[in-house]
Amino acid sequence: MAEITASAVKELRERSGAGMMDCKKALSENNGDMEAASDWLRAKGLAAAAKKSSRTAAEGLVGVAVAGTKGVAVEVNSQTDFVAKNEMFQNFVREVTALALEAGDDIDALKAAKMAAGGTVEEVLTANIATIGENQVLRRAKKVQVSNGAVIPYVHNAAAPGLGKIGVLVALESDAGVDVLEPLGKQIAMHIAAAFPLALDEAGLDPAVLERERAIGAEKAAESGKPADIIAKMVEGSVKKFAKENALLSQLFVMDGKTPVAEVIAKAGKDAGATITLKDYVRFQLGEGIEKEEGDFAAEVAAAAGIKQ
């Protein structure tokens, strides 16, 4: 039996919104496994579905850049938020993001790309780590492009132009003018930042994620005591609801709370007299899926100073 620590209970409580004793029991029932405990709470109806964005912990910046009909988002992580405010770090993220427009989103290729002042991205990053004195990681990048139309960028709570903690790109394929596509793309990008879709459409959802929802739904339904055929329908209904709520095109538009995103796009195209297709999107949230180690800052300072506690 794994030891259930107060910090683990606190983390699960913050992640799930469930009560402290329920979180402790969930961890005990699942041998301290945080993901399994989260699912256990949901199956028992003690917590709402939690998206991975709630696990955001790493610091750094997300950069977005657009040139013509292509755009790219890049994430560079650091250990503390202080570095994200550092001009050297910001300039590095900005330049690497611009480079990725041409070098593409393969991280190895991007690390090998040459920077303006000389040296590769990886070499400059290594030098920055030595100068700033804190570890930094070029974590991921994604490029989107349309043959005709526009790619619209959006940064939520920008730390500097094109830099922030949530970066979004919306790729709209269309013959419509930028006067139509840019405001539409901006609204969709804001929706994406807020609603955190898991895929463009239901067909694009990860089968493993759907199976996990099916398992949770099955456990919930089994407790109802209803006949097997009714339980099967309840489970499939639960999975369909999850898919609808997590696929971008079927999500209800946050601007009005009632119209599916697909219909918003179709109406904009009809009004403009041109077909508009949401070809792709990017949503990078800083530190998404990364667990950050928590330490006792006072103890670290004391240790560095050679002070016994």
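**Stop 1: strand β1 and its partners**

Select residues 59–67, which form strand β1. Seven of these nine residues are buried, so the strand is largely enclosed by the rest of the structure. Keep in mind as you look around that this is a predicted model.

Now add residues 70–78, strand β2. β1 and β2 run antiparallel and are joined by nine bridges. For a single pair to look at, pick Leu61 in β1 and Val76 in β2, which are bridge partners. If you are wondering what holds such neighbours together, strands of a sheet pair through backbone hydrogen bonds, either parallel or antiparallel.

Follow the chain around the turn of this hairpin, where two residues lie between the strands. Gly68 is the one to click on here: its phi is positive, near 65 degrees.

Next, select residues 163–164, the strand β5. Two bridges connect β5 to β1, and the two strands run antiparallel. Here Val62 has Gly164 of β5 as its bridge partner.

**Stop 2: Gln90**

Select Gln90, which you will find in helix α5, residues 87–103. Is Gln90 buried or exposed? Its relative accessible area is 14%, and because the cut-off for buried is under 20%, Gln90 counts as buried.

Try showing what surrounds this side chain. Apart from neighbours within four places in sequence, Gln90 touches Leu61, Ala84, Lys85, Ala159, Ala160 and Leu163. You have already met Leu61, the bridge partner of Val76.

**Stop 3: the three-stranded sheet**

Select β4, β6 and β7 together. They make an open sheet of three strands in the order β4-β6-β7, with antiparallel pairing. The edges are β4 (149–156) and β7, each of which pairs on one side only. From one strand to the next, the twist averages 15 degrees.

Turn to β6 (residues 166–174) and its pairing with β7: nine bridges link them in the antiparallel sense. Two pairs are handy landmarks. Ser174 has Ile276 of β7 as its bridge partner, and Val168 stands opposite Arg283 in β7. As you look along the strands, remember that in a regular strand the side chains alternate between the two faces of the sheet.

How many of the ten residues of β7 (residues 276–285) are buried? Seven are, so this strand is largely enclosed by the rest of the structure.

Now add residues 178–195, helix α8. This helix lies across β4, β6 and β7, and runs at about 140 degrees to β6.

**Stop 4: helices α1 and α2**

Select residues 6–16 for helix α1 and residues 20–29 for helix α2. Their axes are 9 Å apart and the helices pack at an angle of about 115 degrees, which means that α1 is roughly perpendicular to α2. The crossing is right-handed.

To see where they meet, show Ala8, Val9, Leu12, Arg13 and Ser16 on α1, facing Met20, Cys23, Lys24, Ala26 and Leu27 on α2. Coloured by class, this contact has seven nonpolar residues, one polar and two charged.

**Stop 5: helices α3 and α9**

Next, select helix α3 (residues 34–43) and helix α9 (residues 207–222). These pack at about 45 degrees, with axes 9 Å apart, which means that α3 is oblique to α9. α3 and α9 also make a right-handed crossing.

The contact brings together Glu35, Asp39, Arg42 and Ala43 of α3 and Arg212, Glu213, Ile216, Glu219 and Lys220 of α9. What classes do the residues of this contact fall into? Two are nonpolar, none is polar and seven are charged.

**Stop 6: two loop residues with positive phi**

Most residues other than glycine have a negative phi. Two residues are worth a click with that in mind.

- Asn31 sits in the loop between α2 and α3. Although not a glycine, Asn31 has a positive phi of about 55 degrees. At 47% relative accessibility, Asn31 is partly exposed.
- Phe196 sits in the loop between α8 and α9. Phe196 is not a glycine either, yet has a positive phi of about 50 degrees. With 8% relative accessibility, Phe196 is buried.

**Last view: the whole chain**

Clear your selections and zoom out. The protein chain has twelve helices and seven strands. Of its 309 residues, 41% are buried. Among contacts with a separation of 6 or more, 64% are between residues 24 or more positions apart.

Conventions:
Residues are numbered from 1 along each chain as its sequence is written. This is a predicted model: local features need pLDDT of at least 70, side-chain atom pairs count only at pLDDT 80 or more; totals for chains, interfaces and linings use all residues. Side-chain values use heavy atoms; hydrogens and water are left out. Buried means under 20% relative accessible area, exposed over 50%, partly exposed in between (1.4 Å probe, protein chains only). Helices (H or I, at least four residues) and strands (E, at least two) are DSSP runs, numbered from the N terminus. Two strands pair if DSSP finds at least two bridges between them. Axes are lines fitted to C-alpha atoms, for helices over the stretch in contact, and angles run from 0 to 180 degrees between N-to-C directions. Angles under 35 degrees count as roughly parallel, over 145 as roughly antiparallel, 65 to 115 as roughly perpendicular and the rest as oblique. A crossing is left-handed if the near helix is turned anticlockwise from the far one by less than a right angle, and right-handed if clockwise. Contact means heavy atoms within 4.5 Å. Ala, Val, Leu, Ile, Met, Phe, Trp, Tyr, Cys and Pro count as nonpolar, Asp, Glu, Lys and Arg as charged, and the others, Gly among them, as polar.
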